[in-house]
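Please open the structure in your viewer and keep the selection panel at hand, since each stop below begins with something to select.

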Amino acid sequence: MQNVENKVIIITGASSGIGAETARRLTENGAKVVLSARREDRLKELAAEIGENAVWMKSDVTSPDDMKALVSLAKEKFGKVDVLFANAGIMPGGSMSELKVNDWMNMVDINIKGVLNSMAAVLPEFMAQKSGHIIITSSMAGIKTVPGNAVYCGTKHFVKAMLESFRAESIMEDTNIRTTTIYPGAIKTELLNTIAPSETKSMVEELYRNVGLEPDAVANAVLFAVSQPDNVDISDLTVRPSKES
Ligand SMILES: NC(=O)c1ccc[n+]([C@@H]2O[C@H](COP(=O)([O-])OP(=O)(O)OC[C@H]3O[C@@H](n4cnc5c(N)ncnc54)[C@H](OP(=O)(O)O)[C@@H]3O)[C@@H](O)[C@H]2O)c1
């Protein structure tokens, strides 16, 4: 596919759901992928399924060193990095009044600092080569606010605000770095496993059961953004079930 062939794409959160499906879709279209997550067995299995166009590294987005090591791996195996798909995230849920402070801090560490760690690792490459593409998975919770998920909403609004500001900086600095924020609605993945049993969890599970999309809906959106000509920036993509308000 146009502008996808031979691109080297780092994917965080590649061990399941949206990240894993996007790795499949991109490599089916000629890209090479560097798979990142903590579950080694899943990464190994996916890399074996994809074949020579995939490499993997057990890595945690909360570690700046792990993110730098991913870039080194990409350069060592494939010679460069063209795209970062910063997709790793968790959604433990819960009202603020429940005071699940550990969950709040984990969301900040993974959904916010994890994104920043991966960006900090690729930006020196992108600035030096004067090209690159940063794609980040936000959420419908990055566009609207919902009760029962306040900190998650905050982390996903962060992605929207940060990447949109960065896009303007890249234009001013003439670095040719493209940016895309993806806002998925209900997608059937393992994300709900991170929510503790509660009324909120049951409600969300029902929504996903009734209208949730398969992860390929988001994988197709990422492929669309990557495949555009260099002078086209698909800055925002909302992908939700047609029956989700
Ligand atoms: N599913 C939805 O309805 C939906 C809607 C909107 C937005 N999203 C967003 O989509 C993204 C992908 O989630 P998903 O739905 O595909 O769920 P998922 O199947 O649970 O995938 C989450 C991924 O993030 C990885 N991850 C979590 N913590 C990590 C860490 N500290 N370091 C490295 N990797 C980590 C997980 O891998 P390991 O556990 O192996 O590390 C896994 O690969 C998330 O950012 C999520 O917020 C999902």
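**A tour along one helix and beyond**

Begin with K130, which comes just after α4 and takes a positive phi of about 55°; helices here are DSSP runs of H or I with at least four residues, strands are E runs of at least two, and both are numbered from the N terminus. This is a predicted model, in which local features need pLDDT of at least 70, side-chain atom pairs count only at pLDDT 80 or more, and totals for chains, interfaces and linings use all residues. Residues are numbered from 1 along each chain as its sequence is written.

Next select α4 itself, whose 29 residues should span 42 Å at 1.5 Å a residue (1.5 Å times one less than the number of residues), and whose end C-alpha atoms are 41 Å apart, which agrees. At K113, α4 bends by about 40°, the bend being the angle between axes fitted to the seven residues ending there and the seven starting there.

Now colour the buried residues of α4, among them D103, M107, I110 and F126; buried means that 20 or more other C-beta atoms, placed from the backbone, lie within 10 Å of the residue's own. Their cover includes β1 (8–12), α3 (64–78) and α5 (150–173).

Turn then to the ligand, which 30 residues surround, the closest being G13, G17, R38, R39 and G89; a residue counts if its C-beta atom, placed from the backbone, lies within 6 Å. The elements giving two or more residues to this shell are α1 (17–28) and α4 (101–129), and α1 gives the most, with three residues.

Finish at A23, which, leaving aside neighbours within four places in sequence, is in contact (C-beta atoms within 7 Å) with residues including I11, V33 and L46.

Terms used
A residue is buried if 20 or more other C-beta atoms lie within 10 Å of its own, exposed if 12 or fewer, and partly exposed in between; C-beta atoms are placed from the backbone. Two residues are in contact if their C-beta atoms, placed from the backbone, lie within 7 Å.
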